[in-house]
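Trainee: I am new to this structure. Can we go through it in short questions and answers?

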Amino acid sequence: MIERVGVVGAGQMGSGIAHVAALAGKSVTLVDVEDAFLERGLGAIRKNMARQVEKGKLAAEARDAALGRIATTKDLGAFAGADLVVEAVVEHEPTKRELFGRLDSICRPGAILASNTSSISVTRLAAATKRPENVIGMHFMNPVPVMALVEVIRGIATSDDTAARVVASAKEMGKTPVECRDFPGFVSNRVLMPMLNEAFFAVHEGVATPDAVDTIMKLGMNHPMGPLTLADFIGLDTCLAILRVLHSGLGDDKYRPCPLLVQMVDAGWMGKKAGRGFHRYAGPGGERVAATS
Ligand SMILES: NC(=O)c1ccc[n+]([C@@H]2O[C@H](COP(=O)([O-])OP(=O)(O)OC[C@H]3O[C@@H](n4cnc5c(N)ncnc54)[C@H](O)[C@@H]3O)[C@@H](O)[C@H]2O)c1
């Protein structure tokens, strides 16, 4: 039974994972590298829980109790007693591998080390530890409190027991876990990213404005939001990192990242979280104000 959950990275995903784990009654420790990032993550959790209370989906007492179950710290040593640690730091393999090595030395034997990676090999992350049987991919979707899916990715050495415990805890968090094998981009991003990349190329080649691309896909394909809005929500740095993993891992040029995406990331236009991507926002994480062309 998983009762104590650690989350590394208090960004868009880590804060969402802490949110759903705390609401499921888990005692949660959230770690990031700076106090400001922890405060920003906690602020997002408070705001999103307040929205759930306003909509009548959550009682104020349950919200207060869940918030009381979340502790924040910059010290990974706080994970010593955790049953499950979910890593949600940047989509950069050397950073994740180094972190998995440290988590392995800190966490008790048998504790599960999960990654929220969008595309990186779970098998390689597991190889950075001495407990590959306890390492697994637990791929939540954005925004975590709203999206039902958790893609569960077994590395080559992941044990049945680890997979069963992660599937059970995803269900406790109100999610629907679906298992798949450890291939670059798994299923979700192998299918999604080529479509987003094609939308980037359509803008890059001057086929249409970002607004027009989004509206065509929304109204024409009945998608809930356009591909460029979705890419801005995911984070353009994350989209680029995933495309690079698909390109190198599957060895097919159809996954080559659009040069416009590369240039926008170089400029720091990471999407909604930076206040600017294919669309513009009223500051980092703010509401959309107007489209770029
Ligand atoms: N954004 C999405 O839609 C989405 C969806 C599913 C999975 N993911 C994956 O989740 C992970 C995080 O993505 P995000 O969108 O939350 O990114 P983000 O940029 O919002 O947050 C990343 C956080 O990790 C922190 N961090 C970086 N290195 C760290 C370290 N060594 N120790 C502790 N904290 C560290 C950063 O300070 C930052 O707060 C990535 O692997 C990404 O691919 C993202």
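Trainee: Which cysteine sulfur is closest to the sulfur of Cys239?
Mentor: This is a predicted model, where local features need pLDDT of at least 70, side-chain atom pairs count only at pLDDT 80 or more, and totals for chains, interfaces and linings use all residues. Residues are numbered from 1 along each chain as its sequence is written, and side-chain values use heavy atoms, with hydrogens and water left out. The gap from the sulfur of Cys239 is 12 Å, too far for a bond, and the closest cysteine sulfur is that of Cys258.

Trainee: How many disulfides does the count give?
Mentor: A disulfide here is a pair of cysteine sulfur atoms within 2.5 Å. Cys258 is in no disulfide, as the nearest cysteine sulfur, in Cys239, lies 12 Å away. By this rule the count is zero.

Trainee: Is Cys239 buried or exposed?
Mentor: Buried means under 20% relative accessible area, exposed means over 50%, and partly exposed is in between (1.4 Å probe, protein chains only). Cys239 has a relative accessible area of 0%. So Cys239 is buried.

Trainee: What is the strand order in the open sheet?
Mentor: Strands (E, at least two residues) and helices (H or I, at least four) are DSSP runs, numbered from the N terminus. Two strands pair if DSSP finds at least two bridges between them. The open sheet has eight strands with mixed pairing, and the order is β3-β2-β1-β4-β5-β6-β7-β8.

Trainee: Which strands stand at the edges?
Mentor: An edge strand here has a single partner strand, so one side of it is left without a neighbour in the sheet. The two strands placed this way are β3 (70–73) and β8.

Trainee: Which residue in β5 is the bridge partner of Val86?
Mentor: Start one strand back: Val7 has Val86 of β4 as its bridge partner. β4 and β5 run parallel and are joined by four bridges. In β5, the partner of Val86 is Ala114.

Trainee: What is the hand of the crossover from β4 to β5?
Mentor: The chain leaves β4, passes through helix α4 (residues 93–106) and reaches β5. The rule is to point the strands away from the viewer; the crossover is right-handed if the path from the first strand over the helix to the second runs clockwise. This β-α-β crossover is right-handed.

Trainee: Which β4 residues are buried on the side opposite Leu84 and Val86?
Mentor: In a regular strand the side chains alternate between the two faces of the sheet. Both faces of β4 are covered, with Leu84 and Val86 buried on one side. Buried on the other side are Val85 and Glu87.

Trainee: At about what angle does helix α6 run to β6?
Mentor: Helix α6 (residues 160–172) lies across β4, β5 (112–115), β6, β7 and β8, with contact meaning heavy atoms within 4.5 Å. Axes are lines fitted to C-alpha atoms, for helices over the stretch in contact, and angles run from 0 to 180 degrees between N-to-C directions. Against β6, helix α6 runs at about 25 degrees.

Trainee: Which residues touch the most other members of the largest nonpolar core?
Mentor: A nonpolar core is a set of buried Ala, Val, Leu, Ile, Met, Phe, Trp, Tyr and Cys residues joined through side-chain atoms within 4.5 Å. The largest one has 35 residues, and those touching the most other members are Leu84, Met138 and Phe140.

Trainee: Which helix gives the largest share of this core?
Mentor: The share is six residues. The helix in question lies across several strands, including β1 (4–8) and β2 (27–31), at about 170 degrees to β2. The helix is α1 (residues 12–23).

Trainee: What is the relative accessible area of Asn222?
Mentor: Asn222 sits in the loop between α8 (210–221) and α9 (227–234). Its phi is near 60 degrees, a positive value in a residue other than glycine. Asn222 is exposed, and its relative accessible area is 68%.

Trainee: Is Phe186 buried or exposed?
Mentor: Phe186 lies in the loop between β8 (176–181) and α7 (188–204). Phi of Phe186 is also positive, near 55 degrees. With a relative accessible area of 4%, Phe186 is buried.

Trainee: Which residues does the cis peptide bond join?
Mentor: Look in the loop between β6 (135–140) and β7 (149–154), where Pro143 is found. Omega is about -5 degrees, and the bond joins Asn142 and Pro143.
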